[in-house]
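Please open the model in your viewer and keep the sequence panel beside it. The stops below say what to select next and what is there.

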Amino acid sequence: MATRRDVLSEVMQGLAEVKAHREGKKMPISVPVLTFEEFELLPEEEGIRYELDEGSLLMEPSPVFRHNVIRQRIASRLRDFVESHDLGFVIEEMDFRLAHNTVRNPDIAFVTTEHLKKIDLDRTPVEGTPALAVEVISPGNLAQDTVKKVHQYLSAGSQAVWLVYPALQLVEIHDFHKDVKGGHVREVREPDAIEESKLFGGVKFSLPLRAIFHIRKLR
């Protein structure tokens, strides 16, 4: 078994590789294997997001401007809706422990009132999965990794996962169904709107895609 120093050495090497890729340098990326306890001890690194994928440490650079704008727009609409109907809370970039050695950090998460009652508000990661996880997909995200992440959310108890594709201007919605691996899948494309009520106890939520995808540049 690797010592604490060995593990941290691997992590720091991984961080160096991620930074090199951000600067356009070609380096092979190694994937350190950690326990949850080791994951909790990782040092914070500005501009790097950590996730634990069934023991494999994932490190991603901070997202680009467009990604952040889209995330903030969705989160703002969801937050206003959820809080106005007293349904729970909407939070951005929060760590959730989905399984023994799996920690995910969705761009946006909707946590129900019932789940909030069980959460230690002063501890991270949050135990359990959000009712809704929203992931804004970047060009560098691999399809196989995204599919795996969706399965992890739904298997852990999420009711839905929204995959937001800025380049395609569409949202892929995965709704939990116990008899369907990966859940039921439906696509919403501009100029249509995301419309959801089952997830929110029968209260209807609507979000036109034009309101999140279009960014007007100032001249």
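In which loop is T129 found? Select T129 in this predicted model, and you will see that T129 is in the loop between β7 (126–127) and β8. T129 is buried, because its relative accessible area is 9% and the cut-off for buried is under 20%. Show the side chains of T129 and S158 together, and a polar contact of 2.7 Å can be drawn between them. If you then select what T129 is in contact with, setting aside its neighbours within four places in sequence, the selection holds F96, L98, H115, Y153, A156, G157 and S158.

**The whole chain**

Zoom out next and switch to a cartoon view, where the chain shows six helices and 13 strands. Of its 219 residues, 43% count as buried, and the accessible surface comes to about 12,500 Å², with 52% of that surface belonging to carbon and sulfur atoms. Among the contacts in the chain with a separation of 6 or more, residues 24 or more positions apart account for 52%.

**The nonpolar cores**

Now select L78, W162 and F200, which touch the most other members of the largest nonpolar core, a set of 28 residues. Colour by element to see where this core comes from: two or more residues are given by each of α3 (65–84), β6 (108–112), β8 (132–136), β9 (160–165), β10 (170–175), β13 (205–208) and α6 (210–213). The largest contribution is that of α3, which gives six residues. Staying on L78, and not counting residues up to four places away in sequence, display the residues that L78 touches, namely V90, I108, L132, V134, W162, F200 and F205.

For a second, separate core, select F96, I137, V150 and Y153, which are included among its 14 residues. Two of these, F96 and Y153, are also on the list of contacts of T129.

**N105 and D95**

Move next to N105, which is found in the loop between β5 (102–104) and β6. With a relative accessible area of 8%, N105 falls under the 20% cut-off and is therefore buried. Show the side chains of N105 and D95, between which there is a polar contact of 2.8 Å. Apart from neighbours within four places in sequence, N105 is in contact with R49, Y50, E51, E93, M94, D95, E135 and Y153.

**The second largest pocket**

Keep D95 and Y50 on screen and add F39, E44 and T124: of the 14 residues that line the second largest pocket, these five are the closest to its centre. The space in this pocket is about 450 Å³. Both α2 (36–40) and β1 (48–53) supply at least two residues of the lining, and β1 gives the most, with three residues.

**V203**

Finish at V203, whose place is in the loop between β12 (193–196) and β13. Is V203 buried or partly exposed? V203 counts as partly exposed, because its relative accessibility is 27% and partly exposed lies between the cut-offs of 20% and 50%. Draw a distance from the C-alpha atom of V203 to that of V82, and the value is 9.7 Å, although the two residues are 121 residues apart along the chain. As a last selection, take the residues that V203 is in contact with, leaving aside neighbours within four places in sequence, which are F81, H85, E196 and S197.

Note on methods: Residues are numbered from 1 along each chain as its sequence is written. This is a predicted model: local features need pLDDT of at least 70, side-chain atom pairs count only at pLDDT 80 or more; totals for chains, interfaces and linings use all residues. Side-chain values use heavy atoms; hydrogens and water are left out. A nonpolar core is a set of buried Ala, Val, Leu, Ile, Met, Phe, Trp, Tyr and Cys residues joined through side-chain atoms within 4.5 Å. Buried means under 20% relative accessible area, exposed over 50%, partly exposed in between (1.4 Å probe, protein chains only). Helices (H or I, at least four residues) and strands (E, at least two) are DSSP runs, numbered from the N terminus. Contact means heavy atoms within 4.5 Å. A polar contact is a pair of N or O atoms within 3.5 Å; within protein, one must be able to donate a hydrogen and the other to accept it, and residues adjacent in sequence count only if both atoms are side-chain atoms. Accessible areas come from the Shrake-Rupley method with a 1.4 Å probe; for residues, only the protein chains shown count as cover. On a 1 Å grid over the protein atoms alone, a cavity is a set of points where a 1.4 Å probe fits but cannot get out, and a pocket is an open set with protein on both sides within 12 Å along at least five of seven lines; lining residues have an atom within 4 Å of a point. Grid points are joined across faces, edges and corners, and a volume is the space filled by probe spheres set on the points.
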